[in-house]
Amino acid sequence: MGGYIKQVFYDGARHLNCVMSIPSLEKNLMNKPRRMAIQRLIDAAGSAVLRPLRRPFPDIRSLLVVRTGPSADVFLSTAILPHLRAAFPKADIRFMTGANADVCLKSNPYIDGVILCGRPATKGLGGAPGMFVSAVASFFKAIHRMRRAPYDLVVNLSTSPGYSIPALYSGRPRYMIGFSTAGCGFLLDKAVENRHGSHEAERLSEMLSALGIGASRRVVKPEFTLSRAVELECRELLDELGLSDREPFVLLHTGSGAANALWRKERWQEVVDKIGRQYGLRAVVYDTVYGNIRGCIKLPALVSFEVLAAAAKMAELFIGIEPLHAYLAASFGTPSVLIRSGINDGACIRPPGSSLSIVRKNLPCAPCLRKRGCPGMSCMEITSEECMMEVRKPLDSLISFKVVRLRR
């Protein structure tokens with residue numbers, strides 16, 4: 001039991017966006033029947049004690065959605081917001097997330113504000129200790145704020161084991177719903193089963209159903225709102241770089257949050273050459289890694305996230321290795337190809353009904369739960385031809401039907 005509590009504590013620390021990494025924790029908690037049985041036992045005992053104290057569903061005037069973790073997961077979670085806003089049109093809706101993921105929520109029309117949980121290290125205390133201290137401090141600052149003005153409804157979308165459920169419970173919400181994780185489901189007024197291996201859209205659809213909101217996974221889609229000013233800025237930038245307003249292009253993004261999960265520069269060069277030679281399309285590359293890929297139009301390294309999103313919307317095809325940008329492009333209807341390493345690959349699943357294709361190596365060691373991968377990184381030995389197999393599908397359709405979206 002002591003080992004189990006230690007597992008939950010450390011995974012909770014990871015859940016607060018600190019840099020401490022215990023890569024085997026999730027695997028241990030998810031795959032070992034003994035620990036899964038302990039979780040169910042704790043849930044059952046806690047539910048039996050708290051069942052007489054279950055609170056009725058209140059009138060919703062204030063609502064908090066909680067989702068920390070990778071930016072890509074936070075972006076996918078925005079799919080629940082339009083349905084919550086439609087169900088509770090007069091409620092004040094806030095979104096709590098990590099400090100590095102709030103970029104996904106900019107200009108979102110369905111929320112009234114963002115609460116950041118986990119900030120950069122405090123001055124004078126750097127590295128892992130600084131990030132840990134600042135993350136914990138900001139998280140409990142948010143809990144203190146919740147206690148002063150309790151929310152009528154807290155929707156906890158976090159699916160990783162951790163202490164987010166007891167921490168949010170201490171914020172005294174009038175009603176809390178979420179996924180039952182780490183044996184803490186008995187603290188929820190309504191627990192939704194966390195089915196591992198399902199896509200985020202499926203989990204969100206089940207969460208909405210538990211709230212009495214009917215929404216199939218086909219209509220639960222993430223959204224990113226672009227202003228007309230940002231789209232105009234992107235058009236002007238592309239024009240300055242020599243791309244006319246009526247010229248189709250393919251957008252490539254070479255960067256990644258993990259330096260060890262990069263795709264080799266030669267492979268990017270081969271893809272750029274093949275797109276130009278086989279389809280006569282120009283490649284626009286956002287390259288903050290290599291900087292010397294030839295035969296392409298290079299976006300400035302300091303271009304904003306919003307302008308990059310606008311370029312993804314205008315492109316005929318997106319190719320990248322970062323899930324957030326691939327999901328973002330696919331949300332606009334842009335065909336997207338994601339070149340994926342094996343690191344935490346089990347969490348990267350193609351959204352139902354989306355235009356996203358995933359190129360990956362099927363290796364015995366996948367999914368890899370090591371934060372930095374392994375020295376060989378065989379999972380990134382993907383050839384340019386393997387990538388082009390997915391690229392050809394939307395581009396062949398584009399040429400056959402002469403469908404060019406021309407800067408929507």
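**Sheets and helices in a predicted model**

Student: At what angle does helix α12 (residues 323-331) run to β11?
Tutor: In this predicted model, local features need pLDDT of at least 70, side-chain atom pairs count only at pLDDT 80 or more, and totals for chains, interfaces and linings use all residues. Residues are numbered from 1 along each chain as its sequence is written, and side-chain values use heavy atoms, without hydrogens or water. Helices (DSSP runs of H or I, at least four residues) and strands (E, at least two) are numbered from the N terminus. Helix α12 lies across β7, β10, β11 and β12, and its angle to β11 (0 to 180 degrees between N-to-C directions of lines fitted to C-alpha atoms, for helices over the stretch in contact) is about 170°.

Student: Which strands stand at the edges of the open sheet that holds β7 and β10?
Tutor: The order of its six strands is β9-β8-β7-β10-β11-β12, with parallel pairing (at least two DSSP bridges between two strands). Two strands have a single partner each, so one side of each is left without a neighbour in the sheet: β9 (297-298) and β12 (356-359).

Student: What angle does the direction of helix α10 (residues 265-279) make with that of β7?
Tutor: Helix α10 packs on the sheet, touching (heavy atoms within 4.5 Å) β7 (249-253), β8 (282-286), β10 and β11. Its direction and that of β7 make about 175°.

Student: In β4, which residue is the bridge partner of valine 65?
Tutor: Strand β1 (residues 62-66) pairs with β4 (residues 153-156) in the parallel sense over four bridges. The partner of valine 65 in β4 is valine 155.
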